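Good morning, colleagues. Please bring up the sequence and the structure on your screens, and I shall take you through several points of packing and contact.

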Amino acid sequence: MNALVAVARRDLLVAVRRAGEAVTPLLFFVVVTTLVPLGLEPRPELLAEVAPGMLWVGALLAALLGLERLFAADHEDGTLEQLLLVPTPLALAVLGKVATHWLVTGLPLVLVAPLCAELLALPHAALPALVVGLLLGTPTLALLGALGAALTVSARRSALLLPLLVLPLAVPLLIFGARAVALAASGADPLGPLLLVASLGLFTLSLAPLAIAAALRIALE
Amino acid sequence: MSDGWSFTRWSAGILPAWAHRLASPPHFYALAGRLTPWFAWPAAVLMAVGLFAGLFVAPTDHQQGDAFRIIYVHVPSAWLSMSSYAIVAGAAAVGLIWRIKLAHWVAHAAAPVGASFTFLALATGSIWGKPMWGTWWVWDARLTAELVLLFLFLGYLALADAFDDPRKGDRASGVLALVGVVNLPIIKYSVDWWSTLHQPATITALGKRAITIEMLWPLLLMWLGATLFLVAVTLTRARAITLERERAQAWVGEAL
Amino acid sequence: MEIPVDLAMGRYGAYVWSSVGLTLLVLVYNAWSAYAALRDARRRLRRARADQAAR
């Protein structure tokens with residue numbers, strides 16, 4: 001557990017000091033939300049119809065930002081190798097890193113989502129489904145993104161590679177998350193899709209750290 | 001550590017000698033070379049007969065007319081795209097668990113063919129959709145799932161190629177393939193579910209209705225022929241990769 | 001057995017034949033490029049070994 005806490009604490013300190021980097025996904029999310037009405041007719045009914053999907057797509061794309069550096073800095077300065085030597089299982093240390101990453105990039109997204117939903121004329125009835133869905137879904141995105149980052153940390157740099165790896169895996173989350181919001185917006189019960197989002201989260205939480213650890217070991221060989 | 005029980009060592013221990021030989025690059029190279037014609041020629045014959053029968057012998061469908069004949073290239077492509085991914089994931093698993101680099105090379109060999117079949121499924125599905133539904137693209141469950149599968153293949157190929165050390169590329173893409181195969185049922189389920197929500201009542205899924213035996217047998221021939229084709233091409237590509245990766249070894253000189 | 005050969009495929013000739021044509025194209029391309037990869041590898045390695053032997 002020690003490595004998990006140590007890694008988490010260090011990452012939080014770094015994030016606080018480099019607040020600019022941490023804020024990028026958040027700003028991106030807000031910008032995308034602002035662009036949507038500009039690209040469409042700003043009719044409230046039209047915006048409300050596309051809002052569930054656009055909010056989730058925005059969250060997905062925002063989650064991709066900031067992944068490049070997730071493991072790269074530690075890989076460069078040797079911290080990753082140190083983590084291999086520590087008694088704590090690498091998967092747990094990974095969990096600590098991803099949890100911190102989510103706190104810094106994912107949680108603010110969840111908090112700002114109601115504001116963006118307002119910009120897209122989403123009915124207020126759908127706000128709880130949006131917030132809960134994103135609260136359950138952004139950790140999953142963080143884990144999937146971390147997996148992509150771990151697989152590519154020792155690869156040649158390519159801007160397209162990480163999105164190509166992560167986005168197909170995120171499709172089910174997008175489908176269920178957006179559906180929950182759409183159901184709630186039309187007055188129906190969003191519980192079904194929300195439970196599916198939660199299940200995806202649990203599933204990813206149990207398996208992703210192991211895959212991420214395996215990917216990091218490959219990078220360090 | 002080496003005295004503890006290890007699944008990898010135990011499972012390797014119970015395998016017969018010929019299985020062990022299979023993992024050795026020079027043996028694989030020779031064996032694959034001998035086997036390829038036995039897959040390639042039957043593949044060509046089966047597909048030629050199946051295609052001819054599908055285009056000219058099978059009775060015309062009353063609903064879709066002769067447009068339904070696209071099924072004879074569309075459905076085998078879709079099935080083969082799945083089989084190819086299974087081969088990639090299976091070979092990757094073998095490579096990662098038992099640390100057999102040849103298995104990774106087989107996966108790399110199967111991936112481009114799989115991507116081709118996936119592309120073909122998408123293209124023929126799209127062409128079929130135009131006369132049936134009036135548009136070039138329809139977000140029906142199967143086409144959408146094939147699209148995601150195409151991205152999985154492309155991601156695998158891109159990752160395998162993205163490392164200066166090819167062995168890292170082997171293992172990283174192997175992990176990705178396993179992650180993909182675990183996610184594939186989830187993706188398919190979610191896309192199926194999503195598509196039932198948005199499907200207009202008049203549209204039925206491509207090819208999903210009662211199919212008579214006269215229409216079915218050319219389809220089975222095409223599927224079988226395409227499968228043999230997949231194996232033949234994979235074996236050939238795997239041999240090429242084997243030569244590249246093993247070029248510094250002595251056995252390569254004899255085999256060339 | 002009389003095999004009705006309707007090349008026009010009802011009204012759907014363009015669709016059916018473009019699908020078939022595309023399929024043949026992709027199959028032939030895959031077969032050829034696999035064979036070419038093997039042939040080029042052998043050629044290249046043979047040349048490399050000959051160069052090495054000459055030195």
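A:Leu147, leaving out residues up to four places away in sequence, touches four residues of chain A and chain B's Val179: the full set is A:Ala208, A:Ala211, A:Ile212, A:Ala215 and B:Val179. Please bear in mind that this is a predicted model.

A:Leu147 also appears among the residues with the most contacts inside the largest nonpolar core, together with A:Leu55, A:Ala215 and B:Val88. That core has 168 residues. Which helix gives the most to this core? The answer is helix α8 of chain A, residues 161-185, which provides 18 residues.

Let me turn to chain B and to B:Phe39, which sits in helix α3, residues 25-57. Is B:Phe39 buried or exposed? B:Phe39 counts as buried, because it has 20 C-beta neighbours inside 10 Å. Apart from neighbours within four places in sequence, its contacts are B:Leu228, B:Val231 and B:Ala232. B:Phe151, by comparison, is separated from B:Phe39 by 112 residues in sequence and by 28 Å in space, C-alpha to C-alpha.

Finally, I come to the contact between chains B and C. Chain B brings 29 residues to the contact, and chain C brings 26 residues. On the chain B side, at least two residues each come from α3, α5 (101-133), α8 (213-245) and α9 (250-255). The element that gives the most to this side is α5(B), with 9 residues. Sorted by class, the side of chain B that touches chain C comprises 17 nonpolar, 5 polar and 7 charged residues.

Technical notes:
Residues numbered from 1 in each chain as written. Chains lettered and ligands numbered in written order. Predicted model: local features only at pLDDT ≥ 70, side-chain atom pairs only at ≥ 80, totals over all residues. Core = buried A, V, L, I, M, F, W, Y, C linked by C-beta atoms within 7 Å. Buried ≥ 20, exposed ≤ 12 C-beta atoms within 10 Å, placed from the backbone. Helix = DSSP H or I, 4+ residues; strand = E, 2+ residues; numbered from the N terminus. Contact = placed C-beta atoms within 7 Å. Nonpolar A, V, L, I, M, F, W, Y, C, P; charged D, E, K, R; others polar.
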